[in-house]
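Subject: Structure for your files, with notes

Hello,

Here is the structure you were due to receive. My notes follow below it.

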Amino acid sequence: MTEVKDYFGDYALTKIPEAETRTFLNQLMIFMGVLAVWAAVFAGAALASWYDAVTLVVSVVLGCIILGIIAYLTGYIGSRTRASTYVILRHSMGRVIAMIAGIIISGISAMIWFAYETWLFGVIMQGVFPDIPFMRVEIASIWGGILMMTTALIGYRALSVLSYFIVPAWFVIIPMALAAAIDINGGWGALMAAKPPTPMDIGVGITFTVGCYIVGATIAPDVTRFSRRPHDGPLAWFIHVVVFMPIIMAAGGFLQLLAPGVNLAAAMVSLGMVWAVLLTGVVGQWSTNDNNLYSSSLAWCNAIPLKRVYWVAIMGIIGTVIAALIAFGFGVSLEALLMLGSFLGTWIPPMTAIMIADFYVVRPLLLGVKPVDKRYEWGPGTTYSLVNWPAVVAIIVGGFLAWWVPQVYPAIPGVIIGFGVSFVIFLILMAVCVKMGIKYGIGKWVETEKGF
Amino acid sequence: MSSEINTARAFFTRVNLIALVLSIIILILSLLSSPKAQTLFSIYAIILIVIILLGHLRVSRSSDLKQLGERAVQTLWLWTSLGLVALTMPPTPYFEFDQLIMAAMVIIGAILIIAGVYALLKIRKLTGVYLSV
């Protein structure tokens, strides 16, 4: 990809220049900033109804290792090509499908998460300061949403600064709070003796963990494209998910095992850690949610040629309005919103599979493009097919099975089915097309001067 | 160039030394506190001390202005952020801190944050590196 003028802002559709690349620590802080959120603690609490403390940790660690491997593979594509997830998808899926896939992966899904986290921010504020009108969930959702838009509007630099400021403190405060909460709820002995109410096979927990963060693993290139050395970003993703995500999820799970119904935020408030809850709630939620909005804006830039800041503003306002409407109870159902997010999420692992299969198998082994730097090329004048039909077939079949199979056989993980089936189908179809000389790309799209 | 490196390195070393002294004070105060606070705050202080010492080592070994700036900014961010822990956690009744120790901890936390932000801006000016390195 030749370097072209950054028309959309923050290199949304162009290659990151060498001077703008960042260090390993920067990437680690950004990823941990995404993880530094109360929703991750609450997700861990959900596992406590299935597992004892040891099994909970084992299932989370195994799930995190799977996530780490997937994200290492996707992140490496980003750090080698220095392009965002949605631009990377152009070659494997075709230009039009890359637009649609980007909107599904981040354009809408990340905006839904932005709305959810903004609403949750309001809930936490009201929980900590129930008597202050400005902190009522309806009001806090609005100013919280606006606050979280600011760093996403500025771009990657602001995301980094915010993450550097909050992440080290967040990951010291939460374990300290957990240790205190465990102590007042019976101690480590009681924790080890605690039994879950409805024991479950460990595979369910692994799938749950993978499902919690598969979108993050898929869109890792949005951040790793800034990676100075090819392995910095992917390694940062791997470390943050394998080392730190288990700590965060265990924090929620352990407390839930000891004191069912009590979440860590509430426990911290009851311990008197009001300022710590406020800090971890406000800035932690912020450092996660601005990334949601940032990725959403990158995906929209790839689909509709509008500057990135406008997309941040549009998606941020929509997300904030949705959060406020949920808070006001004006007919917007949170469950319906999360169901939509979950349904869209079903289609993401198949897209991840296509991305990985194309870069690591199809390009070098089927198309003979061995050098890593040559596998994907971009720049004005580059031609793409509009639709790569093997990718479409693989996504549809994999996505459908990922949605349908768990409804019939609940023990079978949809995420794994979607990823595995799409990966295999895509490879088979591409192998057949290449060997038999069948055209796999339909139509033609020529990249413009602006990178669109 | 060499004088710029020396100026930046000397400034960083001075500020880092202040942070080290403050961290050691936190460690001492933690050891003087209730058993509930002792372990957790001692671990916190040790993390802080390790980060500061590692930062000093990395900066003193840096060969050019950009590398020095990046390493200094990273170290400064880490201990500035960790200052938030000393600012927010000691007032928690669970830790049963003596009022005087609690006040000292909070003040140290505030100093770490203010000194850290000042040093970040100054290092940025001296070395020209981004704060988002």
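B:Glu96 sits in the loop that runs between H3 and helix H4 (99-127) of chain B. Helices here are DSSP runs of H or I with at least four residues, strands are runs of E with at least two, and both are numbered from the N terminus. Although B:Glu96 is not a glycine, it has a positive phi of about 50 degrees. Most residues other than glycine have a negative phi. B:Glu96 is partly exposed, because its relative accessible area is 48%; buried means under 20%, exposed over 50%, and partly exposed in between (1.4 Å probe, protein chains only).

Chain A has a residue of this kind as well. A:Arg82 is not a glycine, yet its phi is positive, at about 55 degrees. It is placed in the loop between helix H3 (53-81) and helix H4 (85-93) of chain A. With a relative accessible area of 12%, A:Arg82 is buried.

Before the rest, the ground rules. This is a predicted model, in which local features need pLDDT of at least 70 and side-chain atom pairs count only at pLDDT 80 or more, while totals for chains, interfaces and linings use all residues. Residues are numbered from 1 along each chain as its sequence is written, chains are lettered from A and ligands numbered from 1 in the order in which they are written, and side-chain values use heavy atoms, with hydrogens and water left out.

The interface

The size of an interface is often given as the accessible area lost when the parts come together. Between chain B and chain A the buried area is about 2,400 Å², and carbon and sulfur atoms give 74% of it; the figure is the accessible area (1.4 Å probe) that the two parts lose on being put together, summed over both. Of the area that chain B buries against chain A, B:Trp77, B:Tyr94 and B:Ser132 supply 23%, more than any other three residues. Counting contact as heavy atoms within 4.5 Å, 31 residues of chain A and 24 residues of chain B take part.

How many salt bridges are there between chain B and chain A? The count is 1, where a salt bridge is a side-chain nitrogen of Lys or Arg within 4 Å of a carboxyl oxygen of Asp or Glu. The side chains that meet in it are those of A:Arg228 and B:Glu70, at 2.9 Å from N to O.

There are also 11 residue pairs in polar contact across this interface, both residues at pLDDT 80 or more. A polar contact is a pair of N or O atoms within 3.5 Å; within protein, one must be able to donate a hydrogen and the other to accept it, and residues adjacent in sequence count only if both atoms are side-chain atoms. On the side of chain B that touches chain A, the elements giving two or more residues are helix H2 (35-61) and helix H3 (65-88) of chain B. H3(B) provides the largest share, 11 residues. By type, that side of chain B divides into 15 nonpolar, 6 polar and 3 charged residues. Here Ala, Val, Leu, Ile, Met, Phe, Trp, Tyr, Cys and Pro count as nonpolar, Asp, Glu, Lys and Arg as charged, and the others, Gly among them, as polar.

Aromatic rings

Over all chains the count is 30 aromatic pairs. Rings of Phe, Tyr and Trp (its six-membered ring) pair if their centres lie within 6.5 Å; planes under 30 degrees apart count as stacked, over 60 as edge-to-face and the rest as tilted. The planes of A:Phe134 and A:Trp143 are at 0 degrees with the ring centres 5.2 Å apart, so this pair is stacked. A:Phe134 is partly exposed, at 48% relative accessible area. The rings of B:Tyr94 and B:Phe95 have centres 5.2 Å apart and planes at 75 degrees, so they are edge-to-face. Both B:Tyr94 and B:Phe95 are buried. In chain A, ring pairs link A:Trp38, A:Phe42, A:Trp170, A:Phe171 and A:Phe244 into a cluster.

Two buried residues in chain A

A:Ser92 lies in helix H4 of chain A and is buried, with a relative accessible area of 0%. Leaving aside residues up to four places away in sequence, A:Ser92 touches several others, including A:Asp358, A:Arg363 and A:Tyr376.

A:Asn291 belongs to helix H13 (residues 274-303) of chain A and counts as buried at 7% relative accessibility. With the same sequence neighbours left out, its contacts are A:Ile30, A:Val34, A:Leu159 and A:Val223.

Regards
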